[in-house]
Each structure stands twice: as structure tokens, then as C-alpha cells.
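Hi,

Here is the structure I promised to send over. Have a look at it first, and my notes on what turned up are underneath.

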Amino acid sequence: MTVEVERKFVCNAEIMGKLQHIGAKCIGQRQFQDQYFDSPDSTLTLKDFWLRCREGLWELKCPAVSGTTPDNETQALCSRYREITSFPLIQSEVRRIIREHTAEGSESNSSQREQIDKVAENEDTEICSADDTKWLSDLNLVCFAEFKTKRCSYMLERDGAVRVDLDQADFGYCVGEIEVLVPEGGDMNAALQRITSTAAELGLSCEKRVKGKMDIYLQRYQPDHYAKLLNARIL
Ligand code: V4E
């Protein structure tokens, strides 16, 4: 499993020239469609779990637990998420979160628990394919965000790989990301340092957290969900 450490930044007209100037290599452009799923009462996202299907590939981003405490500025600008890409692991983790929520919540009822246990039984006995959507309906998960992104990616060598993505979402929002992948248990501080120095090389001086595509999407199209996440300090 890997931890994705990233810092978002506001894209400007000069960014491509700057990337070239500091030796970043363009590794390609692609377009993809993302669908994000959650329960109607936002169980996953309120716990900062992000379940996504991108062009048929599933991923669950989970809040990273780590022993390191970055300084306040780095903490504010960089995010860290554990990424699960194994489909069976994603299913069992999502089921665990929903089951815990159902057990602890006031709206907990026996039919919901029976439904979740049925999914657990199915998982033991059936081979569930990644394009099978039955597990979503069994867990009462629905798509709450769907958008396309055009992405231009660059790689830099700075004591290890640093990736820079320039994203253009189809709802009219552009954002850049400086990203380092750390194997679980790897050196988080070194990754944060590489991101901070790459940002400095690119002349990025913003001290405030830059909004991601999801912030803007929810703000525009799912304002109630957005308000709940703001209130819970997830976004
Ligand atoms: C973790 C998260 C979300 C899931 C996807 O976020 P993001 O990395 O922005 O998307 P994308 O398309 O760049 O994914 P990639 O290709 O890197 O896998 S949506 C909202 N969050 C929470 C979140 C947060 N709390 N803070 C920041 C700076 N970003 C995201």
C-alpha cells in the first residue's frame, strides 16, 4: 500500500514554461472520467474516505495515520492519503466502515445490518468482478459526483520521483498537484520536503490551501453535502 502526499496549486499561464525550466519531463496527456460513491447520509466522506471508479479502476483514498507531525504550514498545504487499489480490499474496507457506522448510529436497524452481512457472505462465496455494481446497491452506495478531467503529467527527479499533474475538469476548473508516493512506513518528512522544495522551484508562494476539483464540484452541484463536509472540517 502507498501513501499519496500532495500539494495543490493554482495553475497560471507560465507553469508549463517553469516546469520545463526546472527539468521536468512531460510524460503524457490523458482524459478520464471519475465517479465517486457514498451512502446517502455521506458516511464515507464524513470520515474522509473517498471511493472512486476511474475508467473501470477502483480506488479508495483513506486518511493516512502517521507518526510524523509536519510543521503548520506544510500541514496546511499538503494532504496525505493511503491509497487502496485492490478491489477485494476496497470492498472489505468500505463494508467495515458502513457496518461500524450502522452499529454506532441512531438510525441503526436490523434490516440494514442483515443487508451488510449478506454482502459479506457473498464476498466469501462469490467472485465479484470490478464492473459488478451489485455490491454498491447492497451497501446502499450511490454516485454523488461524476466529472471528466484532462490531465497533463510531468516527472521530476529530486532524490526520488516527484510528479506534477496539471488538471482541467469539464466543469471549468483547473488545478495543479505536486505529488510524491511513499511506501507505507517510508520517510514521510523527506516526501514533504521534496514537495516543498519543488513548489519553491516553481515559484509557488501561496500560503493557503488550494481547493481541489471535488471542493469546487460539491460547492457548485452538491451544496448540502459540501456544507456537511465543511462543518466536519473534511474540506
Ligand atoms: C482525498 C479527496 C478526494 C479524492 C480525490 O482527490 P484528488 O487527489 O484531489 O483527485 P485527483 O483526481 O487528483 O486524484 P489522483 O489522480 O491524484 O488519484 S476529493 C477530496 N479529498 C479530500 C482532500 C483534502 N481534504 N485536501 C486536499 C488538499 N485534497 C483533497
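**What I found**

Let me start with E177, which is buried, since its relative accessibility is only 7% and the cut-off for buried is under 20%. Before going further, please keep in mind that this is a predicted model.

E177 is a good place to begin as it turns up in two sets of contacts. One is with the ligand: a polar side-chain atom of E177 sits 2.5 Å from a ligand oxygen. Taken by itself the ligand would expose 640 Å², and the protein buries 93% of that. The elements that each give two or more residues to the shell around the ligand are β1 (2-9), β3 (50-54), β4 (57-63), β5 (78-84), β8 (173-183) and α8 (213-221).

The other contact is a salt bridge between E177 and K8, with the closest N and O atoms 3.4 Å apart. That pair ties together distant parts of the chain, as K8 is in strand β1 and E177 in strand β8, 169 residues apart. K8 is partly exposed, because its relative accessibility comes to 22%.

**Around the ligand**

How many residues surround the ligand? There are 18, and the closest are K8, R54, K61, E177 and K213. By type, the shell divides into 12 charged residues, 5 nonpolar and 1 polar. If you want individual contacts to click on, here are two besides the E177 one:

- R52 has an N or O atom in its side chain 3.0 Å from an oxygen atom of the ligand.
- Y81 places a polar side-chain atom 3.1 Å from a nitrogen atom of the ligand.

**Salt bridges**

The structure holds 17 salt bridges. Apart from K8 with E177, I'd pull up these two:

- R52 pairs with E59, and their closest N and O atoms are 3.3 Å apart. R52 has a relative accessibility of 8%, so this residue counts as buried. E59 also counts as buried, at 11%.
- D165 pairs with R163, with 3.0 Å between the closest N and O atoms. D165 is buried, at 1% relative accessibility, while R163 is partly exposed, with a relative accessible area of 26%. 

Some of the bridges share partners, and in that way E4, R52, E59, K61 and E83 are joined into one network. R52 is worth a second look here, as this side chain both contacts the ligand and belongs to that network.

**Strand β5 and its neighbours**

Strand β5 is mostly covered, with 6 of its 7 residues buried. β5 pairs with β1 in the antiparallel sense over 6 bridges, and the bridge partner of E6 in β5 is S79. β5 also runs antiparallel to β4, joined by 4 bridges; there, L60 stands opposite I84 of β5. When you look along these strands, remember that side chains in a regular strand alternate between the two faces of the sheet.

What comes after β5? S86 is found in the loop between β5 and α4 (87-104). S86 counts as partly exposed, because its relative accessibility is 30%. The C-alpha atoms of S86 and E59 are 7.6 Å apart in space, although 27 residues separate the two in sequence.

**Two backbone oddities**

Most residues other than glycine have a negative phi. Which residues go against that here? I have two for you:

- E55 has a positive phi of about 50° without being a glycine. E55 lies in the loop between β3 and β4 and counts as exposed, because its relative accessibility is 51% and the cut-off is over 50%.
- R233, also not a glycine, has a positive phi near 60°. R233 sits in the segment after α9 (223-231) and is exposed, with a relative accessible area of 74%.

That's it from me. Happy to go through any of this together once you've had the model open for a while.

Cheers

Definitions and conventions:
Residues numbered from 1 in each chain as written. Predicted model: local features only at pLDDT ≥ 70, side-chain atom pairs only at ≥ 80, totals over all residues. Heavy atoms only, no water. Near = heavy atom within 4 Å. Polar contact = N/O pair within 3.5 Å; in protein donor to acceptor, adjacent residues only side chain to side chain. Areas by Shrake-Rupley, 256 points an atom, 1.4 Å probe, with all protein chains shown as cover. Nonpolar A, V, L, I, M, F, W, Y, C, P; charged D, E, K, R; others polar. Salt bridge = Lys/Arg side-chain N within 4 Å of Asp/Glu carboxyl O. Buried < 20%, exposed > 50% of the residue type's maximum accessible area, 1.4 Å probe, protein only. Pairing = 2+ DSSP bridges.
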